[in-house]
Amino acid sequence: MNETLDINSLSRAADVPVRTIRYYLAKGLLPSPNGRGPASSYSREHLDRLRLIRRLQDAHQPLALIKTRLAGLDAVGVARALAELEGEVQGEPRSAADYVRQVMAQTRQVESIPETPPTHGTDSAAAPKTPPRSTWERITLHPDIELHVRRPLARADQRRLDALLEQAKRLFVGND
C-alpha cells in the first residue's frame, strides 16, 4: 500500500475509532500525519503502528510500555514486529481462553510424564531435580469472591498481600 489514507479510511482499515487515533497522536504513539487539518494523510506506517498497538494491547500491555517499545522502531521495525505478532509467536496465546487451554495442555503433559525413580550409584548433580512444590491458599474476601495465593511468599510479597487484605476488609465490611 503506497497510497495515503485520510483519517476515516485509516480508522476503517485499522478498525480503530478516529477518536482513538487522535488520542494516540496526542500521546506520541503515532507519528504526525503528512499535512494538517482535513488535508492530513496517513501512510502504511500509521496503519501498521495502529495494528501493532492493538496486538500489544490484546497481550495486556499498558500504553506506556507500548509507547516505549514503539519509540525505538522505524517503519521496517514496526512491520517486522507486526508480522511476528500476526504470525503468532509460537506458544503465545491470543486470548485468556487460549492461555487456559495452553496451561491445561501443559498440565496434562506433566501429569502423563512418569516420575523417574532415583538412581543409585550415579552422580547426584547429574540427576534431574524436581521443582519445589508449592501449595495454594484460598482466602475468602466475600461470599462470592476468593483470592488464591501460592505459598510460600517472599517477605515483600507477604507485606503486599497483607495490605491488599486490609483494603479488601475495608471494602467489603458492611457492604453485604
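Helices and strands are DSSP runs, with at least four residues for a helix and at least two for a strand, and they are numbered from the N terminus. By that reading, the chain in this predicted model holds seven helices and two strands. Followed along the sequence, these elements come in the order α-α-α-α-α-α-β-β-α.

A few overall values help to set the scene. The chain has 176 residues, of which 19% are buried. Its exposed surface comes to about 13,400 Å², and carbon and sulfur atoms supply 53% of that area. Contacts can also be sorted by how far apart the partners are in sequence: among those between residues at least 6 apart, 45% join residues at least 24 apart.

The next topic is the inside of the chain. The largest nonpolar core has 21 residues, and those with the most contacts inside it are Leu10, Ile21, Leu50, Leu52, Ile53 and Leu70. Five elements each give two or more residues to this core, namely α1 (7–14), α2 (18–27), α3, α4 (63–71) and α5 (75–86). Helix α3 gives the most, with five residues. Leu50 is a good residue to look up in the structure: setting aside residues up to four places away in sequence, Leu50 touches Leu10, Ala14, Val16, Ile21, Tyr24 and Leu30. Two of these partners, Leu10 and Ile21, also belong to the list of core residues with the most contacts.

Charged side chains come next. A search of the whole structure finds five salt bridges, and three of them are described here. In one, the side chains of Asp48 and Arg44 meet with N and O 3.0 Å apart. Both residues lie in helix α3 (residues 44–58), four residues apart, which is about one turn of the helix. Asp48 counts as buried because its relative accessibility, 6%, is under the 20% limit. Arg44, in contrast, is partly exposed, with a relative accessible area of 36%.

Helix α3 holds another such pair. Arg49 forms a salt bridge with Glu45, with the closest N and O atoms 3.0 Å apart. These two residues are also four residues apart in helix α3, so about one helical turn separates them. Arg49 is buried, at 7% relative accessibility, whereas Glu45 is partly exposed at 23%.

A third salt bridge is found in the strands. Arg151 pairs with Glu137, and their closest N and O atoms are 2.7 Å apart. Arg151 lies in strand β2 (residues 145–151) and Glu137 in strand β1 (residues 135–142), so this salt bridge ties together parts that are 14 residues apart in sequence. Glu137 is partly exposed, with a relative accessible area of 32%.

The last stop is a loop. Ser40 lies in the loop between α2 and α3. Is Ser40 buried or exposed? With a relative accessibility of 12%, Ser40 counts as buried, because the value falls under 20%. The side chain of Ser40 reaches the backbone oxygen of Gly37 at 2.8 Å. Leaving aside neighbours within four places in sequence, Ser40 is also in contact with Leu5, Asp6, Pro33, Asn34 and Gly35.

Note on methods
Residues numbered from 1 in each chain as written. Predicted model: local features only at pLDDT ≥ 70, side-chain atom pairs only at ≥ 80, totals over all residues. Heavy atoms only, no water. Salt bridge = Lys/Arg side-chain N within 4 Å of Asp/Glu carboxyl O. Buried < 20%, exposed > 50% of the residue type's maximum accessible area, 1.4 Å probe, protein only. Contact = heavy atoms within 4.5 Å. Areas by Shrake-Rupley, 256 points an atom, 1.4 Å probe, with all protein chains shown as cover. Core = buried A, V, L, I, M, F, W, Y, C linked by side-chain atoms within 4.5 Å. Polar contact = N/O pair within 3.5 Å; in protein donor to acceptor, adjacent residues only side chain to side chain.
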